[in-house]
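This report covers how the copies of a chain are related and how one chain is split into domains. The structure is shown first.

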There are 4 protein chains.
Amino acid sequence: MAIPKTMKAAVLFGYGDLRVTQKPVPVLGEGEALLKVGSVAICGSDPAIIAKGWPGHPPLGEFIPGHEFTGTVVAVAPDVTEVKLGERVTVEPHKGCGRCVNCLRGLYTTCLNYGKPEKGHRHYGFSSNGAYAEYAACHVNTLHRLPEAISFEEGALLTTAGTVLYGYERVGGVRPGETVVVTGPGALGLISAQAAKTLGAGRVILTGTREDRLAVGRRMGADITLNARETNVRDAIMELTDGIGADLVVECTGQAGPAAEALDLVRKSGRISYNGIYHEPVTLQLNKIVQWNLLITGPKAEGMWNTERAIPLMVGGRLDLKPLITHRFRLDEINLAFETFTGRAGGAIKVIVNP
Amino acid sequence: MAIPKTMKAAVLFGYGDLRVTQKPVPVLGEGEALLKVGSVAICGSDPAIIAKGWPGHPPLGEFIPGHEFTGTVVAVAPDVTEVKLGERVTVEPHKGCGRCVNCLRGLYTTCLNYGKPEKGHRHYGFSSNGAYAEYAACHVNTLHRLPEAISFEEGALLTTAGTVLYGYERVGGVRPGETVVVTGPGALGLISAQAAKTLGAGRVILTGTREDRLAVGRRMGADITLNARETNVRDAIMELTDGIGADLVVECTGQAGPAAEALDLVRKSGRISYNGIYHEPVTLQLNKIVQWNLLITGPKAEGMWNTERAIPLMVGGRLDLKPLITHRFRLDEINLAFETFTGRAGGAIKVIVNP
Amino acid sequence: MAIPKTMKAAVLFGYGDLRVTQKPVPVLGEGEALLKVGSVAICGSDPAIIAKGWPGHPPLGEFIPGHEFTGTVVAVAPDVTEVKLGERVTVEPHKGCGRCVNCLRGLYTTCLNYGKPEKGHRHYGFSSNGAYAEYAACHVNTLHRLPEAISFEEGALLTTAGTVLYGYERVGGVRPGETVVVTGPGALGLISAQAAKTLGAGRVILTGTREDRLAVGRRMGADITLNARETNVRDAIMELTDGIGADLVVECTGQAGPAAEALDLVRKSGRISYNGIYHEPVTLQLNKIVQWNLLITGPKAEGMWNTERAIPLMVGGRLDLKPLITHRFRLDEINLAFETFTGRAGGAIKVIVNP
Amino acid sequence: MAIPKTMKAAVLFGYGDLRVTQKPVPVLGEGEALLKVGSVAICGSDPAIIAKGWPGHPPLGEFIPGHEFTGTVVAVAPDVTEVKLGERVTVEPHKGCGRCVNCLRGLYTTCLNYGKPEKGHRHYGFSSNGAYAEYAACHVNTLHRLPEAISFEEGALLTTAGTVLYGYERVGGVRPGETVVVTGPGALGLISAQAAKTLGAGRVILTGTREDRLAVGRRMGADITLNARETNVRDAIMELTDGIGADLVVECTGQAGPAAEALDLVRKSGRISYNGIYHEPVTLQLNKIVQWNLLITGPKAEGMWNTERAIPLMVGGRLDLKPLITHRFRLDEINLAFETFTGRAGGAIKVIVNP
């Protein structure tokens with residue numbers, strides 16, 4: 001495949017000023033492959049990056065955001081044998097330095113050399129360039145081969161699915177037959193609900209305030225949905241669990257109220273995973289962590305190769321994220337895509353940009 | 001429900017001499033419920049118990065075997081509120097003493113007071129009386145309520161399902177997307193194959209020598225079956241895994257050859273669960289455990305409440321064990337039932353006795 | 001040993017009204033041993049119990065508090081063979097029901113039948129009678145034999161040591177060579193500091209505000225102490241850890257400020273154990289749990305038999321809790337003992353009552 | 001420090017033919033530091049490497065063995081900031097590729113690109129050149145800074161200590177107060193015994209056949225030693241544990257008899273770590289793994305950064321490996337050093353070569 005010298009790319013020229021322009025196609029470094037970008041999904045963190053940047057992002061006028069994406073390998077560095085030309089892949093945004101103690105123990109999403117490209121760290125779309133572009137250069141450590149059964153669009157959601165799976169890994173796994181409560185029917189919550197069922201939960205209870213989203217949750221496998229506008233969630237969960245509480249609560253609203261209430265939904269010796277982005281401090285009845293012998297974790301992104309774990313589940317349809325994809329745009333329409341996403345226009349959940 | 005003074009029961013009068021006779025209905029002790037027995041499944045360990053007894057079994061002439069069973073609560077001791085009259089239950093055979101350190105740490109299937117009824121230990125059908133009878137007295141610690149959606153017959157397989165789940169718990173869980181090899185398509189292997197998929201395995205490979213059993217495995221969810229009479233299993237698995245090996249091997253044949261070969265099927269830093277009954281010593285390339293950084297476990301029965309975990313999975317059909325039930329007999333026909341089971345007459349897998 | 005009919009006991013007659021009076025010596029139930037009480041340590045939770053009671057405590061006029069204690073077995077129920085007359089023991093206060101799912105999985109300090117003696121649950125000195133008395137009846141599940149090398153007084157601190165060890169068990173263990181920060185040099189903190197070192201921590205940093213307590217910490221094995229009145233604790237810990245943070249933070253102050261600050265002291269992918277009693281809600285930068293991939297637990301008391309684990313460590317002097325014992329009183333002086341404890345008179349840390 | 005062009009090095013010219021000769025000082029690649037070698041310890045695997053090579057070793061005439069070593073940094077590649085000139089370091093022999101799934105999950109000692117230097121894998125002294133030389137080039141991923149308190153000679157044993165610690169990590173840690181049996185008082189066994197105590201074991205029982213080695217074990221902290229020539233080890237351990245068995249058995253003999261017998265020494269629900277090199281297949285009573293609910297692991301070398309964990313323990317003297325160092329030689333005397341080691345001349349345990 002002939003690779004041009006320049007490409008279309010959405011570049012951040014100033015905070016809030018994202019524009020499609022021509023840029024050089026990236027040059028490959030050691031261990032890297034060049035991708036012809038297939039699809040990019042807008043992440044909940046993207047609007048904030050565009051509005052306010054990110055610590056250590058590439059210079060304004062150079063910075064290409066976008067970090068949930070798929071593509072086709074069109075070139076590889078000389079040392080790369082892990083992928084071949086023409087292969088379709090999905091990309092996870094974190095590449096650790098590979099030399100700090102966290103990386104050496106497998107914890108590359110918490111690399112101690114975060115934001116130091118000279119040490120080999122990359123965070124596509126954050127501290128390194130990303131994928132709102134025709135081409136992107138990615139290290140093989142971040143590539144996962146995409147079977148034919150997975151489209152570019154659905155494959156672009158694999159990073160989020162990997163985050164969900166890493167959350168379950170950190171919190172001790174979904175244990176067979178457990179009652180799992182997921183709070184917040186955004187993309188993360190909806191995938192969390194479906195994944196819990198796919199991993200053997202006995203019963204998945206999804207809570208939220210928007211009926212249309214809860215309906216999506218039911219289609220995606222939630223056994224029970226509770227609308228917090230209509231129901232006292234705590235009482236309902238206690239009744240559903242004979243007064244004991246849920247085995248596992250997965251908090252996906254990112255809001256202080258539900259984050260604090262999670263402690264009221266869980267059983268003695270239960271577990272809580274905080275998966276949201278919490279912009280505000282949260283006031284907790286901390287004593288309950290001790291008196292109820294709780295375990296609490298929060299997953300830093302799609303760690304420990306969990307993106308790869310999600311692939312066979314998606315192939316078999318046990319993770320079916322197509323219901324989340326509500327809108328598609330061309331790269332030229334990227335600002336419209338963002339407006340649709342942030343405004344939840346037309347019930348937008350995941351909005352795809354196809355360069 | 002009027003409870004008679006006596007009942008029909010299959011009693012072991014001498015090794016190999018099991019006969020149906022009249023016996024007193026059991027008297028309840030503290031914490032016990034009386035069950036009208038629904039169904040009993042013949043376990044692979046039953047023929048050996050009948051042929052040779054079991055260490056510390058009740059006296060010949062008194063001993064009632066049978067330990068995979070369901071029933072209806074017809075009476076309870078005064079301190080029992082956990083179950084109510086008329087409720088349908090399945091029973092797990094192990095009740096720990098509750099006072100040794102293993103029980104206090106949750107490891108009741110390896111109770112250090114095994115076979116000491118005076119300390120509160122019970123092992124129904126082994127060191128205590130079991131369920132080839134019209135009635136059985138069981139401690140509430142061993143009872144699991146059966147939803148209407150589960151029949152007595154399928155419910156009688158929940159103990160085996162609990163053993164499968166405990167095996168997965170001990171070996172670190174089925175991790176999302178993993179390739180799991182199950183060797184041996186007996187009841188334990190078939191359930192292991194189905195459960196792996198239900199718990200999120202990416203791909204389940206079932207190996208065996210009998211084509212009809214492998215066919216059952218495919219119906220129950222195995223993605224790939226390998227007939228060891230036709231295929232070099234090791235080569236096939238290496239090819240299927242790009243030369244790396246399986247993430248997890250679950251050995252269910254109970255035979256020395258496959259048990260040793262399990263080490264050849266697993267990946268570096270992989271895991272093996274030995275689930276069979278190994279009558280012979282097994283010669284292993286032990287060095288591989290070290291050089292390949294393996295983790296090996298074997299589950300002692302349905303430990304840590306895993307029988308309960310299986311129930312919601314069965315309700316939803318994610319564990320569907322009905323294909324295993326091939327034959328049914330009345331209690332009076334128990335010796336015919338055993339002949340059918342041990343002779344695998346008519347492709348017998350699980351044989352049910354309905355008292 | 002002749003056992004009298006009545007005994008001296010400190011009885012709660014009204015909230016705040018604890019008086020020594022004559023009471024019947026307890027009658028043994030199944031599984032119980034009668035102890036001639038050796039020593040009782042005043043726990044930080046005792047003053048609140050005396051001031052305000054505890055949910056489900058025995059009736060005023062009957063309730064004998066006291067739950068950290070040792071004694072000599074002077075009688076046993078007929079079914080008890082685990083301990084013998086004349087043996088010295090320490091007692092853990094929690095006895096689970098043994099029949100709820102938490103107990104069956106080993107989590108007896110979070111028994112779901114808490115406060116239901118009819119189900120077999122006991123919490124000595126809280127929901128059941130305790131040990132500020134000449135005699136106490138205790139279930140064998142709560143007894144741990146005391147070697148000669150351990151005095152009654154030091155042995156009375158084994159429950160606290162068991163809580164410390166359970167905290168470490170819940171938070172994933174002390175891992176070899178780790179940097180552990182312990183905040184708060186009360187009894188729990190001081191034992192936590194010493195235990196961390198005994199379990200293989202590389203370096204233990206103890207923080208607090210009282211110089212005399214920090215000095216005790218240094219005598220008990222803390223490598224570094226930081227006085228928060230003189231030093232910016234966060235800066236100091238970052239400097240000591242090359243800007244990375246501690247591997248594990250054990251919060252023992254029970255106060256909101258340090259509880260929130262714990263998140264600032266820990267490394268990416270680090271762990272926090274909340275061990276204090278938190279009377280106030282705590283406002284946390286919850287987002288850091290997610291972004292830093294943290295794991296947080298809080299131990300409910302001396303769970304999973306950890307009291308037993310502490311004994312061989314104390315015998316060898318690797319846990320040496322004698323420096324904590326600052327004052328001793330007779331049972332008749334119990335109110336003076338409490339005043340000394342709550343007023344920290346004479347630098348009181350652990351105050352012992354010897355009935 | 002001026003670095004010469006050539007250096008003295010012990011080179012394998014043919015199997016069994018190790019000779020000291022002049023070789024070029026290694027040229028640094030990316031991420032590497034050049035070390036002036038301080039001390040090298042002969043490992044139990046070295047004699048076999050010299051006699052028979054190792055899969056994929058560098059060409060005869062080029063291959064420099066030696067993989068337990070320390071040194072001083074005398075040069076670094078341009079991208080290296082992790083260590084500085086003049087710093088003293090110890091080296092772990094395994095460097096993973098950093099791009100296979102095992103490396104990405106922290107399991108670099110079981111790198112799937114083992115023996116492929118083009119992928120970044122190194123195994124010093126095995127598939128890459130090692131340290132029986134004046135200089136060695138090592139990747140920063142393998143370097144651990146050595147505090148002044150640790151000599152080059154003792155520091156050369158840190159890799160073995162790291163292997164011992166990784167063994168404990170894999171088998172679930174040494175849990176406080178446990179009874180640990182270590183079989184085989186070689187270097188690995190002696191360190192295992194000492195480390196168990198240092199990590200909080202209650203009691204360490206060391207077994208072996210050579211009284212002088214058992215005496216070293218007692219000096220290094222073993223509580224009890226059992227001479228298998230004089231004592232029935234199984235009976236003694238059962239007596240010491242009230243008939244229950246050890247919580248953890250660490251097999252370090254590498255011989256089939258003790259490897260099989262390990263199953264007889266462990267308690268129900270206990271753990272076994274196989275740490276030896278097992279040249280022969282081992283015949284096990286495999287059924288016991290299932291019936292006794294065992295967990296078995298074997299550590300592949302000094303994985304997951306455990307070499308670093310050992311350093312603070314050695315600084316404080318909690319790991320004191322000096323008693324293991326029995327002999328020292330110059331590089332010119334390397335063949336005499338090997339003869340001393342293999343012949344156990346003069347009670348040789350660890351033999352040091354100081355280039």
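## Copies and domains

A turn of 180° and a shift of 0.0 Å along the axis lay chain A on chain C with an RMSD of 0.0 Å, the superposition being by least squares on the C-alpha atoms of residues with pLDDT of at least 70 in both copies. That is the relation of a two-fold axis. The C-alpha of chain A nearest this axis belongs to A:T283, 2.0 Å from it. Of the interface residues of chain A, 100% are also interface residues in chain C, so these copies meet through the same surface.

This is a predicted model, in which local features need pLDDT of at least 70 and side-chain atom pairs count only at pLDDT 80 or more, while totals for chains, interfaces and linings use all residues. Residues are numbered from 1 along each chain as its sequence is written, chains are lettered from A and ligands numbered from 1 in the order in which they are written, and side-chain values use heavy atoms, with hydrogens and water left out.

Chain C can likewise be laid on chain D, by a turn of 180° and a shift of 0.0 Å along the axis, with an RMSD of 0.0 Å. In chain C, the C-alpha nearest that axis is that of C:L199, at 2.2 Å. Again, 100% of the interface residues of chain C are interface residues in chain D too, so the copies meet through the same surface.

The two superpositions are listed below.

| Pair | Turn | Shift along the axis | RMSD |
|---|---|---|---|
| Chain A on chain C | 180° | 0.0 Å | 0.0 Å |
| Chain C on chain D | 180° | 0.0 Å | 0.0 Å |

Within chain A there is a division into domain 1 (6–157 + 321–354) and domain 2 (164–297), with bounds from an automatic or database domain assignment. The centres of domain 1 and domain 2 of chain A, taken over C-alpha atoms, are separated by 29 Å. Contact (heavy atoms within 4.5 Å) involves nine residues of domain 1 of chain A and ten residues of domain 2 of chain A.

Between them, domain 1 and domain 2 of chain A bury about 870 Å², 67% of it on carbon and sulfur atoms; buried area is the accessible area (1.4 Å probe) that two parts lose on being put together, summed over both. In domain 1 of chain A, the residues losing the most area to domain 2 of chain A are A:L321, A:L324 and A:I349, together 44% of what that side buries.
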